[in-house]
Amino acid sequence: MGRESTEQRGLGKNWTAEKYIETSVKEIRATVGDGKVLLALSGGVDSSVVAALLVKAIGKQLYCVHVNHGLLRKGEPEEVVEVFRNQMDANLIYVDASERFLSKLAGVSDPEKKRKIIGKEFIDVFAEEAAKLNGISFLAQGTIYPDITESKGVKSHHNVGGLPKELNFKLVEPVRMLYKDEVRALGKALGLPDTMVYRQPFPGPGLGVRCIGAITKDRLEAVRESDAIVREEFAKSGLSGKVWQYFTVVPDIKSTGIIDGKRSWDWPVIIRAVNSVDATSATIEDIPYPVLHRITDRILSEVKGVNRVLYDLSPKPVSTIEWE
């Protein structure tokens, strides 16, 4: 099935981001009135655009909750705070629950169990923060059009439908009729930084599914630091706009190496870089060897506990994009 036009989705023939923002602001104000709105702000494209749109429409009537579960990429929690609290003057509730999540995940190696623990704990933390606020009537979500047509509902990492019944809010979903590129256009028009607007697809459980097996602090840090190096080098090389998704994986295996003239017993870092249109299939990006060498040199010299760098050449299918 092809992509539906703006007319088919009831947005009009001459759709523009600016017109959509103007109309949405009016609709949000009419719906919300003087009520208060709660939003789980992950820092992803959709939730960030919804937050910026709601700030423009209702200002301090919006309460954003950003839960740092310790599984975000390097610099992401700080960027959320900088953009929404410091630049947009939004009501931002920042919760550092990283220790809480990691303690729940200790010793858990099964991927599905890890996902369930992360999902449940997120809902629990969000519900606890919601319960502290008085007079909240609405819950905003970053549901977009493909979530409705393909999944017949909202996306799992934005869906906080597992909240207790006493926190039964009315939904506000201002980008539910838009495709991802249209949501990005809104983000640009609303003044969000490119690092948010063009953020790569990122799994709900975050780095938890890239720290293969039972998550430990030191191996999670190896994933975070190596991922940051790959992102920096891709940006310098002009690859960040060319490659759809790129990241690192650190499995729970070790191999021998030599560091500072001494035998080491450390992890490998695996680089994954793929191109895809809709994530149903993916091809491997041809990374120039000079770039791979730079990334390898940096990872081996800057990331603790690592003595080997590998490049994953497996397309989807047979492999999946993520390792877990």
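## A tour of the sheet and Ser-255

Begin with the five strands that form an open sheet, ordered β3-β2-β1-β4-β5, with parallel pairing. The model you have open is predicted. Now colour the edge strands, β3 (91-96) and β5 (170-172); each of them pairs on one side only. Look at the twist: on average, neighbouring strands of this sheet are turned by 30 degrees against each other, direction ignored.

Next, select residues 36-40 and 136-140. These are strands β1 and β4, which run parallel and are joined by four bridges. Show Leu-38; opposite Leu-38, in β4, stands Leu-139.

Add the helices. Select residues 111-131 for helix α5, which packs on the sheet and touches β1, β2, β3 and β4. The direction of α5 makes about 155 degrees with that of β1. Then select residues 45-58. This is helix α2, lying across β1, β2 (62-68), β4 and β5. Helix α2 runs at about 160 degrees to β1.

Now move to another strand. Select residues 255-259: this is β7, and Ser-255 lies in it. Is Ser-255 buried or exposed? Ser-255 counts as buried because its relative accessible area is 18%, and the cut-off for buried is under 20%.

Show the side chains of Ser-255 and Arg-308. They make a polar contact at 2.8 Å. Finally, display what surrounds the serine. Leaving aside residues up to four places away in sequence, Ser-255 touches Ser-264, Trp-265, Asp-266, Asn-307 and Arg-308. Arg-308 thus appears in both views: as a residue touched by Ser-255 and as its side-chain polar partner.

Definitions and conventions
Residues are numbered from 1 along each chain as its sequence is written. This is a predicted model: local features need pLDDT of at least 70, side-chain atom pairs count only at pLDDT 80 or more; totals for chains, interfaces and linings use all residues. Side-chain values use heavy atoms; hydrogens and water are left out. Two strands pair if DSSP finds at least two bridges between them. Helices (H or I, at least four residues) and strands (E, at least two) are DSSP runs, numbered from the N terminus. Axes are lines fitted to C-alpha atoms, for helices over the stretch in contact, and angles run from 0 to 180 degrees between N-to-C directions. Contact means heavy atoms within 4.5 Å. Buried means under 20% relative accessible area, exposed over 50%, partly exposed in between (1.4 Å probe, protein chains only). A polar contact is a pair of N or O atoms within 3.5 Å; within protein, one must be able to donate a hydrogen and the other to accept it, and residues adjacent in sequence count only if both atoms are side-chain atoms.
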